[in-house]
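Me: I am new to this structure. Please take one strand and look at it closely, then show me the setting around it.

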Amino acid sequence: MAEQRASVELCKGVNGLDKVVLKEVRGSSAEVYLYGAQVMSWKNDHGEELLFVSSKAIFKPPKAIRGGIPICFPQFGSHGSLEQHGFARNKVWSIDTDPPPFPTNSSNKAFVDLILKPTDDDYKIWPHWFEFRLRVALGPGGDLMLTSRIRNTDSKPFTFTFAYHTYFSVSDISEVRIEGLETLDYFDSLRDKERFTEQGDAITFESEVDKIYISTPTKIAVLDHEKKRTFVFRKDGLPDAVVWNPWDRKAKAMPDFGDDEYKHMLCVEAAAVEKPITLKPREEWKGRQELSAVPSSYCSGQLDPQRVLLG
Ligand SMILES: O=P(O)(O)OC[C@H]1O[C@H](O)[C@H](O)[C@@H](O)[C@@H]1O
């Protein structure tokens, strides 16, 4: 049998938008659109889609695409004077053919490097020169790794907030719980961004949620009982975690989101919001999010969050 190789291919996606398709030896894959540097698909080695993309998503600039992993930069949400979630998700990025080296060995991964540099028009909106490099990599086991490196190429400092706005695909939101955020403080965006403390239990969903958990552990688990699947979420350089589900009322109000789709998605987002990041000239910041999807049979048919979180 011919040896399977990891592959990276540039091709056309919805509406002729450029996308890069990453494939790994055991069959997992990921798709990254140059529009927004947005991961729009992540499939395991059985070909099952792990990310949610709305059936009503609009693949047309200048609006951000509803689903996948949009990048919120240089502003998360409405925490500043820029448009909601900043402009990085509305820009066409380029393939970076000569990125500065990474300290880790990437020879056994399918990956692509993308870059965003501001134009003169962008500079008018946010008057700072920077280079934003994103590496999207798929590990041999199907793990999806996103690494952002943002460098200040200006002569004055700048400050930003950031999030990997990850839309997970779930069987039914009422069957899902998050482990790893209990007892933490959070800002509740539905209550004037006021600060509260989460109670001791795992987080479950029965109404709209829009919270920014502050200084979370680096590892979080999203357990989907019906699918018998656990997403394990690791992050680095991104102290906070946003959790969002619009529920029925807000779903109906969003033109690019189906009325019932809130049942099948959950956003959990590695973020830096509470303490904005400041970069001096020539300084670089790095923020990483790593996702894996583990079948529950991994734990002998039992979902054992302690093992998932500590393992
Ligand atoms: O509709 P968007 O601009 O993509 O934002 C979608 C959502 O993103 C985040 O999760 C925010 O916390 C929410 O407040 C916001 O509604």
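Reply: What follows starts with one strand and then widens to the chain.

This is a predicted model, where local features need pLDDT of at least 70, side-chain atom pairs count only at pLDDT 80 or more, and totals for chains, interfaces and linings use all residues. Residues are numbered from 1 along each chain as its sequence is written.

The strand is β10, residues 158-164. Strands here are DSSP runs of E, at least two residues long, and helices are runs of H or I, at least four long; both are numbered from the N terminus. Is β10 mostly covered or mostly open? It is mostly covered: 6 of its 7 residues are buried. Buried means that 20 or more other C-beta atoms lie within 10 Å of the residue's own; exposed means 12 or fewer, and partly exposed lies in between, with C-beta atoms placed from the backbone.

Which strands pair with β10? Two strands pair if DSSP finds at least two bridges between them. Strand β5, residues 71-72, is one partner, antiparallel over 2 bridges. There, Ile71 stands opposite Tyr164 of β10. Strand β19, residues 265-279, is another partner. Its pairing with β10 is also antiparallel and has 6 bridges. Here Phe160 faces Ile277 in β19.

Now the wider setting. The chain has 3 helices and 20 strands. Of these strands, 8 form an open antiparallel sheet, in the order β6-β7-β8-β9-β20-β17-β16-β12. Its edge strands are β6 (94-95) and β12 (176-179), each pairing on one side only. At one edge, β12 is joined to β16 (residues 219-224) by 4 antiparallel bridges. Ile178 has Val222 in β16 as its bridge partner.

There is also a ligand. Around it are Ala64, Gly77, Gln84, His85, Ser189, Asp210, Val242, Trp244 and Cys267. A residue counts as near if its C-beta atom, placed from the backbone, lies within 6 Å. This shell divides into 4 nonpolar, 4 polar and 1 charged.

Last, the whole chain. Buried residues make up 41% of its 311 residues. Among contacts between residues at least 6 apart in sequence, 65% join residues at least 24 apart. A contact means C-beta atoms, placed from the backbone, within 7 Å. The C-alpha atoms fill a box of roughly 60 × 55 × 35 Å along the principal axes. The radius of gyration is 19 Å, which agrees with the value near 19 Å for a compact globule of 311 residues. That radius is taken over C-alpha atoms, and the globule rule is 2.2 Å times the number of residues to the power 0.38.

Methods: Ala, Val, Leu, Ile, Met, Phe, Trp, Tyr, Cys and Pro count as nonpolar, Asp, Glu, Lys and Arg as charged, and the others, Gly among them, as polar. Two residues are in contact if their C-beta atoms, placed from the backbone, lie within 7 Å.
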